[in-house]
Every structure is written in structure tokens, then in C-alpha cells.
Amino acid sequence: MTARAASRPVGTVTRGTTNPNRLRRMDRWIAAAHGAELRRASDPVAVDLGYGAAPWTAVELLLRLRTVAPHARVVGVEIEPARVAAARPYEREGLVFRHGGFEVPVPGRPTLIRAANVLRQYDEDQVAAVWERVCARLAPADPVTGSRGGLLVEGTCDEIGRRHVWVALGPEGPRTVTFATRLGSLDRPSDLAERLPKALIHRNVPGEPVHAFLRDFDRAWAAAAPYASYGARQRWIRAVRALTADWPVTDDAGRWRQGEVTVTWESLAPRG
């Protein structure tokens, strides 16, 4: 392989669709779940991988992370050179843009990599290799400090960020799956199925765990219908509380109130 070929970014150009505030639910969760790791890091670098045709999500990520980690820095990485050039005028203290792909061309090992709506166009059988490659770039765990290492958050949302599902992965691999929604837009929890990340979206069929989870969630939602008179939030909390009897929910009512629920990856991982 030539030196030029070796430096070529890894991946393919995405559609680049983006909107302001599209990733606010994911960012809010990251700040809550990973804020301590960002504060602990000596140089908390976050990467917005595949930010798209406009730099809004990278700009917003910096602002949101700095509410919990004042020294956080963000690097926006895009495989399309024209998008990087267009983003450069938005650079500021703590925010830069770089040309690259899944090789994650930043110095050191990032504390956070966010890849939203990037793997949607890839084949399911390509996901594991991408996860492995990107997770290898994360900051490692440190038993001395108690750090679990960096975090990769990879998932999919709709165009205005009302419905979102993402997988959180550490250096060791996938940890959890989070479902997040604006509750007023929801008819039933299985509406989120269309936003499942690539690793799960084709597994929403009978016999697969994610299908069983969404089926049980719909049943719990239906059983919680009397709570609708108190608002969609109370109905969601009641339905999630019922789910905990059979599913390993990892968060608590503080997150459920935000229209979220997180379960272990192992409970939803595809079979076979």
C-alpha cells in the first residue's frame, strides 16, 4: 500500500443531512452519563464523527459538554473535504474541524466519539468492524482512577430529533442501548423501531430480542393507559417501571422523566 493510500480516510460519504438541535437528546444523555469521565480526563477531547453538510451538531456538542466539563474540546470529523472547508469559519476556542473517517484522525485517544446517523447507509455486516475500529481509538480504561475509558455513542434519529435510539460502547465493546423520544409525539413505544441503529434495525422480527423488547414495551404502555390522564410522561414512567420486571433497565426515573430508557446491550444483541 502506498503512503497516499494509507492516509486515505476510511468510510464513505453520507448524505450529510443535519439540522440544529437534531442531536439534543443524545447530547443530554451523554452529559449525564459520561460527564464524570470528561471531567476526570486531563484533556477531554470529544469527536463529532460525520457531522454532515453543516457544522451545527459539533457547535452544539461543545456548548452542551462544557456545561458538565468546562475544559472539553470538540473535533468535528468529516470525510467530505468540502464540508470541512465550509465548517472552518465556525472554528473557535475548543472547536476545530478535520478531514477524515473511521480512523478518527485526532491526536491521542478521545474521551468521547459521537457518530449519529452515520452507519445508516452501511450494511449490517459492516457494523461490527466499524465499531471495533472506532472503539480502538477511545481512551482506555484506568483501574487506578476508576475510569471506564472513552465512550462511542452510535445511533440514529429522525430529521428533527424527536425519536432517537443509540448504542453506547466502551473500549471493550457495546454496553447499553438507549431509546429516547419527545413523548408528545409517541403513539406507542414501538414507533421508535424505525430509528433503531443499523446493528438492530433488521432484527426487529419475531425471535429476536429487540422485537420482544418492543412488544413488551407496547404491552406495558397499553397497560399504563390510565396514567395518560396525568400526561405522557407519567404514562412512560409507569410503562418503563413495568418493564424492569423482565428487562435489565440500567437507568432510573430521573432519566425516564426525560423520555428515555436504557437497557443492557446483551439483552437486545442479535442472535446468531
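1. Start with L152. In this predicted model, L152 touches I113, A115, W131, V134, C135, L138, V167, A168 and L169, leaving aside residues up to four places away in sequence.

2. L152 also belongs to the largest nonpolar core, which has 53 residues. Six of its residues touch the most other members: W131, L152, V177, F179, F213 and W236. Helix α7 (residues 209-223) supplies the largest share of this core, with 7 residues. Another core, of 27 residues, lies apart from it. Among its residues are L23, V74, V153 and W166.

3. Now the aromatic side chains. The structure holds 11 aromatic pairs. One of them joins W56 and Y90. The arrangement is edge-to-face, with 5.5 Å centre to centre and 90° between the planes. W56 sits in helix α3 (residues 56-65), while Y90 sits in the loop between α4 (81-87) and β3 (95-99), so the pair ties together parts that are 34 residues apart in sequence. W56 is partly exposed, at 31% relative accessibility. Y90 is partly exposed too, at 33%.

4. There is also an aromatic cluster. F179, F213, F217, W221, W236 and W247 form it. F179, F213 and W236 appear again among the core residues that touch the most other members.

5. Next, charged pairs. The structure holds 20 salt bridges. R66 forms one with E93, and their closest N and O atoms are 2.8 Å apart. R66 lies in the loop between α3 and β2 (73-78), and E93 in the loop between α4 and β3, so this bridge ties together parts that are 27 residues apart in sequence. R66 is partly exposed at 24% relative accessibility. E93 is exposed at 57%.

6. R175 and E172 form another salt bridge, at 2.7 Å from N to O. Here the burial of the partners deserves a look. R175 counts as buried, with 13% relative accessibility. E172 counts as exposed, with a relative accessible area of 55%.

7. Helix α7 holds a salt bridge of its own. R219 and D216 both lie in this helix, 3 residues apart, about one turn. The closest N and O atoms of R219 and D216 are 4.0 Å apart. The cut-off for a salt bridge is 4 Å. R219 is exposed, at 55% relative accessibility, whereas D216 is buried, at 18%.

8. Finally, a network. Salt bridges link D27, D48, E60, R64 and R114.

Notes: Residues are numbered from 1 along each chain as its sequence is written. This is a predicted model: local features need pLDDT of at least 70, side-chain atom pairs count only at pLDDT 80 or more; totals for chains, interfaces and linings use all residues. Side-chain values use heavy atoms; hydrogens and water are left out. Rings of Phe, Tyr and Trp (its six-membered ring) pair if their centres lie within 6.5 Å; planes under 30 degrees apart count as stacked, over 60 as edge-to-face and the rest as tilted. Helices (H or I, at least four residues) and strands (E, at least two) are DSSP runs, numbered from the N terminus. Buried means under 20% relative accessible area, exposed over 50%, partly exposed in between (1.4 Å probe, protein chains only). A nonpolar core is a set of buried Ala, Val, Leu, Ile, Met, Phe, Trp, Tyr and Cys residues joined through side-chain atoms within 4.5 Å. Contact means heavy atoms within 4.5 Å. A salt bridge is a side-chain nitrogen of Lys or Arg within 4 Å of a carboxyl oxygen of Asp or Glu.
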